[in-house]
Amino acid sequence: MLERIVQSLRMIGLDRVGGYFGAEALALWRREGRPDGQVAQLSVSDLAHKRGGLVVLDVRGRNEWDAGHIAGAVHIPLGELPDRLSELPQDQPVAVHCQGGGRSAIAASLLQAAGLRDVSNVTGGFGEWSKSGLPTENTPLRGRTTP
């Protein structure tokens, strides 16, 4: 089971897995009265209407980005995010998306753990954005994209 989980994480760009916690760790955390963390969820429709002052972070891979992305988004693949946190503004809200919502949920948690407070996960991700007919662009990357 653990090998499958590590393999799945590698497939989305997380290849430096240092360990894991089982369900008993979460139970202990709660018994000690520690708070559960939560990430706000944002629909693609809400994202389309809230763009002003919001950093849209795309954590998909480069090929996915090159095939199409939300105009004005910042591109930092999930596997690079821990090393590139300094590229994100600390004083602006961040809406994180991937293709379907899995990688962006992980990325949003990483951002919160790094101290960013106004972080949202875009439910449905770029797949839902595209399916909804919202505008996209496919300008290929030339080096890193920063805010």
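A residue is called exposed when its relative accessible area is over 50%, buried when that area is under 20%, and partly exposed in between. The structure discussed here is a predicted model.

Q: Why is Lys131 called exposed?
A: Its relative accessible area is 66%. The cut-off for exposed is over 50%, so Lys131 with 66% falls in that class.

Q: What makes Lys131 and Glu128 a salt bridge?
A: The pair needs a side-chain nitrogen of Lys or Arg within 4 Å of a carboxyl oxygen of Asp or Glu. The closest N and O atoms of Lys131 and Glu128 are 3.6 Å apart, so the pair qualifies.

Q: How far apart are Lys131 and Glu128 in helix 6?
A: They are three residues apart in helix 6 (residues 125-131), and therefore about one helical turn separates them. Glu128 is partly exposed, because its relative accessible area of 30% lies between the cut-offs of 20% and 50%.

Q: How do you know that Arg60 and Asp58 meet in a salt bridge?
A: Their side chains come to 2.9 Å, N to O. The limit is 4 Å, so the pair is counted.

Q: Are Arg60 and Asp58 buried or exposed?
A: Arg60 has a relative accessible area of 1%, and Asp58 has 0%. Buried means under 20%, so both residues of this bridge are buried.

Q: What is the state of the residues in the bridge between Glu80 and Arg84?
A: The bridge spans 2.6 Å, N to O. Glu80, at 35% relative accessibility, is partly exposed, whereas Arg84, at 3%, is buried. Glu80, Arg84 and Glu87 are also linked in a network of salt bridges.

Q: How many salt bridges does the structure hold?
A: The structure holds six salt bridges. Among them are Arg60 with Asp58, Glu80 with Arg84 and Lys131 with Glu128.

Q: Why is His97 called buried?
A: His97 has 0% relative accessible area, and the class requires under 20%, so the label follows. This histidine lies in strand 4 (residues 94-97). Its contacts beyond four places in sequence include Asp58, Arg60 and Ser104.

Q: What makes Ser104 buried?
A: Its relative accessibility is 0%, which is under 20%, so Ser104 counts as buried. Ser104 is found in helix 5. Leaving aside neighbours within four places in sequence, Ser104 is in contact with Val59, Val96, His97, Cys98, Asn121 and Val122.

Q: Why is Leu110 called partly exposed?
A: Leu110 has 30% relative accessibility, which lies between 20% and 50%, so neither of the other two labels applies. Leu110 lies in helix 5 (residues 102-113).

Q: Which residues is Leu110 in contact with, leaving aside its neighbours within four places in sequence?
A: They are Leu78, Leu81 and Pro82. Contact requires heavy atoms within 4.5 Å. The 8.2 Å between Leu110 and Leu81 separates their C-alpha atoms, and these two residues are 29 residues apart along the chain.

Q: What makes the nonpolar surface patch?
A: Met1, Leu2, Ile5 and Tyr20 make this patch of about 480 Å². A residue needs over 30% relative accessible area to belong to a patch. Leu2, with 41%, meets that requirement, so its place in the patch fits the rule. By the exposure classes Leu2 is partly exposed, and it lies in helix 1 (residues 2-11).

Key. Residues are numbered from 1 along each chain as its sequence is written. This is a predicted model: local features need pLDDT of at least 70, side-chain atom pairs count only at pLDDT 80 or more; totals for chains, interfaces and linings use all residues. Side-chain values use heavy atoms; hydrogens and water are left out. Patches are made of residues with over 30% relative accessible area and no salt bridge: like charges are joined within 9 Å, nonpolar side chains (Val, Leu, Ile, Met, Phe, Trp, Tyr) within 5 Å. Accessible areas come from the Shrake-Rupley method with a 1.4 Å probe; for residues, only the protein chains shown count as cover. Helices (H or I, at least four residues) and strands (E, at least two) are DSSP runs, numbered from the N terminus. Buried means under 20% relative accessible area, exposed over 50%, partly exposed in between (1.4 Å probe, protein chains only).
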